[in-house]
Structures are given as structure tokens and as C-alpha cells.
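Reader: Got a minute to go through this structure with me? I'd like to start with one side chain.

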Amino acid sequence: MPGFDFATLALLSAVGFAGPVLASLPGLRIPVVVGELTAGVVIGRTGFGLVDATDPTFALFANIGFALVMFVVGTHVRVRGDELRSMLPVAFARAAAAGAVAVVLAFGLAAQFGIHHAALYAVLMASSSAALALPVIDSLRLRGPAVLSVTAQIAIADTACIVLLPLVIDIRRLPEAAGGALVVTGCAIALFVALRAIDRRGWRRRVHVFSEKRRFAVELRTNLGVLFALAALAVRTHVSILLAGFALGLVIAVVGEPHRLARQLFGITEGFFSPLFFVWLGASLQVRELGSQPRFVVLGICLGLGAVLAHGVGRLLGQPPALGVLSAAQLGVPVAAATIGTQEHLLVAGEAAALMLGALVTIAAASLAAALAARGRAATPTTPPAAAEPRVPM
């Protein structure tokens with residue numbers, strides 16, 4: 001296998017176009033990351049072996065992409081707005097109900113398949129993907145109280161499961177991971193307090209104007225520096241960099257993200273690091289293990305259907321069925337689980353591919369549910385769609 005060099009970078013950039021190409025197929029609504037993952041599978045361990053996912057340089061680039069993806073996901077969690085906050089009580093209730101059902105299903109699956117990852121399966125099935133579902137809601141012009149409520153529910157489930165994932169993926173290291181998570185979270189809170197104080201004094205606005213006028217990209221440089229510092233802290237405290245990226249993104253979302261910074265992040269992430277990360281993830285998966293062990297195909301399908309069933313319990317709390325299924329869409333948490341599990345050798349052979357298969361099942365179900373919601377009475381289109389948001393996999 002060749003080393004990681006400019007030829008490899010050129011190959012990765014080229015195969016990364018598989019994502020936009022598949023996503024452009026009319027009527028299918030295939031997320032961009034699915035094409036990128038597929039391209040990675042073809043050129044990686046499962047396919048022709050053109051790249052070595054274990055190469056340290058390749059892994060470092062992929063980890064940078066992972067941190068940036070989680071950062072962008074955090075910035076797209078909708079945490080501002082009085083109307084949204086008014087929906088929080090019922091959204092919390094529905095997210096909690098989905099989590100309770102997910103726990104029951106997870107222990108059943110773990111016992112059935114003889115794999116001691118019940119806590120991990122529960123988090124996976126309870127999770128949602130704000131970055132996957134919210135752009136779909138915008139593109140279909142879905143509006144109304146029910147849609148606003150499911151938006152809050154998705155944000156709650158997304159945030160909670162991203163925080164919980166590093167803690168449950170290896171129960172033996174729970175105290176160590178919890179300590180690391182507290183340290184990273186504490187730093188993020190301190191950063192939020194500092195940014196609010198800077199904002200109130202008007203310093204942030206002055207830096208923004210100065211940077212824009214002189215084209216120094218000060219905000220981008222600062223955010224990348226803080227992101228990498230938090231990622232280094234996460235590594236030192238034995239917690240996943242997904243928490244570092246997401247925590248920083250959430251801080252920026254609460255404080256307010258300048259449009260210029262959003263465009264810069266979109267360029268650096270979506271233009272290079274995000275496709276590279278997903279191609280690397282696909283290259284590191286051994287999909288042939290699914291064929292040699294069909295039980296993992298069944299496990300993946302069960303995880304996907306279990307997520308749909310868990311989120312469908314919102315119907316008992318007055319939620320339209322189509323929106324409940326839409327809230328089950330997931331990709332970021334399974335991707336993170338497969339990434340961490342592969343890097344740390346925490347999953348059994350074939351399990352990472354099963355997690356990804358489960359995510360694809362939820363995406364297919366959510367795509368169908370979104371189309372039904374657009375035609376049904378769950379929401380009525382009244383205003384033009386919001387501006388397209390950067391594609392991120394959460």
C-alpha cells in the first residue's frame with residue numbers, strides 16, 4: 001500500500017466527489033456522506049486497498065476532519081429563539097420517552113446477539129441528527145408548532161447522545177471518560193462566559209469588522225486554535241475529540257455565529273476535511289465481515305428499525321407519526337461510534353459496519369417520512385425555505 005502523499009490527497013479529493021454525484025440524483029435524497037463512505041469502502045480495506053487507513057498522517061487528517069465536522073454540527077444546533085424554548089417541555093418528554101424505549105430495546109438486542117454493548121446501542125437508537133433532519137425540514141418548507149417541537153426534540157437528543165457516547169462506548173473506562181468529559185465541558189463553559197463578556201464590551205464586533213476589512217480571518221484562526229486546543233485536551237484526558245468539537249460549536253451557536261465565519265468553516269470543512277474524514281471512515285471499515293457474519297446484517301437492520309420504533313413513541317404524546325420517524329434520522333452518532341470503536345479496538349469484527357447499516361436504515365425511513373409530512377397535515381408551507389445550510393452528518 002502506498003504511503004500518504006500528494007498522490008493520495010489527489011485520489012481522496014477525486015473520490016470525494018462520489019458524495020455530491022450521488023446526492024444530485026433526482027428524487028433519492030441521498031446524503032452526501034453516503035457517497036463519500038461508499039467511495040472509501042471501494043478504495044480501502046474492503047475494496048482495492050489503494051489507501052491505508054492506519055497510516056498515522058492519514059489518521060491525523062481524518063481526526064482534524066472529525067473535529068471540524070462535530071464543530072460545525074454544534075454550530076447548527078438551534079438553541080436560540082423564545083418560540084423554540086417554549087417547546088422544550090414537550091420536546092424533553094418525547095426525547096426521554098424515546099430514550100426509555102431505546103434502553104429496553106438495546107438490552108434485548110445485546111442479549112440476543114451476545115454482545116455486551118447495550119448502553120452503546122441505547123444511545124445510538126435514542127439519538128437524532130440535527131444536521132441531517134433540519135435541512136430536510138427547511139428544504140420541504142415544513143412549518144407549524146409540531147415541526148418546531150420536533151426541531152427542539154432533535155436538538156435535545158442530538159446533544160445528549162453526543163455527550164453520552166464517549167461515556168458508554170467503553171463502560172470499563174467510564175470514570176476516566178466522565179472525568180475527561182467534565183474537564184472539556186468545564187473549559188467550554190469558561191469559554192462561553194469569556195465570549196459573552198467580550199461580546200458585551202463590543203470587542204468581538206470590533207475584531208470582526210477589523211478582520212473583515214483587512215481580510216485576516218481572525219475569527220477562523222481563533223476558532224481553529226481553540227478547537228485544536230480542546231481536541232488536545234480531550235486526547236490527554238482520554239475522551240473523544242467529538243466532545244471537544246461539539247462543545248465548541250455549541251458555544252458558538254449560543255453566542256452567535258457570524259455569517260462570514262460560517263462561510264469560512266463551510267469552505268474548509270466541506271471543501272476538504274469532511275470528505276476526507278468520511279472517505280477515511282469508509283476505508284477503515286471491513287464490509288466483507290457483514291457477508292461472512294450475516295448476523296451483523298440483522299443487527300444493523302434491528303438497530304435502525306429500533307431507532308424508528310423508539311422515536312415513534314412520540315405518537316403517544318401527540319406527535320404526528322411522520323415527524324416521529326423523521327426525528328429518528330441519525331448519522332453523526334453512529335459515525336462517531338464507528339470511528340472511536342475502530343480507533344480504540346472496542347468493537348467486535350463486523351460491528352462497526354453494522355452500526356453504519358443501522359444509520360442508513362434510519363435515513364431511508366426518515367426520507368420517506370419527510371415526504372409524507374410534506375404532503376400531510378403535520379405542517380403547512382407558508383414561507384419560502386430558509387437559506388441552504390452547509391451539509392454536515394449529524
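Author: Sure. The side chain of His-208 makes a polar contact with the side chain of Glu-219, at 3.1 Å. A polar contact is a pair of N or O atoms within 3.5 Å; within protein, one must be able to donate a hydrogen and the other to accept it, and residues adjacent in sequence count only if both atoms are side-chain atoms.

Reader: What kind of model is this?

Author: A predicted model: local features need pLDDT of at least 70, side-chain atom pairs count only at pLDDT 80 or more, and totals for chains, interfaces and linings use all residues. Residues are numbered from 1 along each chain as its sequence is written, and side-chain values use heavy atoms, with hydrogens and water left out.

Reader: Where is His-208 found?

Author: In helix H11, residues 203–214. Helices are DSSP runs (H or I, at least four residues), numbered from the N terminus.

Reader: Is His-208 buried or exposed?

Author: Buried, with a relative accessible area of 11%. Buried means under 20%, exposed over 50%, partly exposed in between (1.4 Å probe, protein chains only).

Reader: What is His-208 in contact with, leaving aside neighbours within four places in sequence?

Author: Glu-219, Pro-258 and Arg-260. Contact means heavy atoms within 4.5 Å.

Reader: New topic. How many disulfides does a search of the whole structure find?

Author: Zero. A disulfide here is a pair of cysteine sulfur atoms within 2.5 Å.

Reader: And Cys-161, buried or exposed?

Author: Cys-161 is buried, at 5% relative accessibility. Cys-187 is partly exposed, at 33%.

Reader: Last one. Which helix holds Leu-182?

Author: H10, residues 174–200. Leu-182 counts as exposed because its relative accessibility is 65%.

Notes. Helix = DSSP H or I, 4+ residues; strand = E, 2+ residues; numbered from the N terminus.
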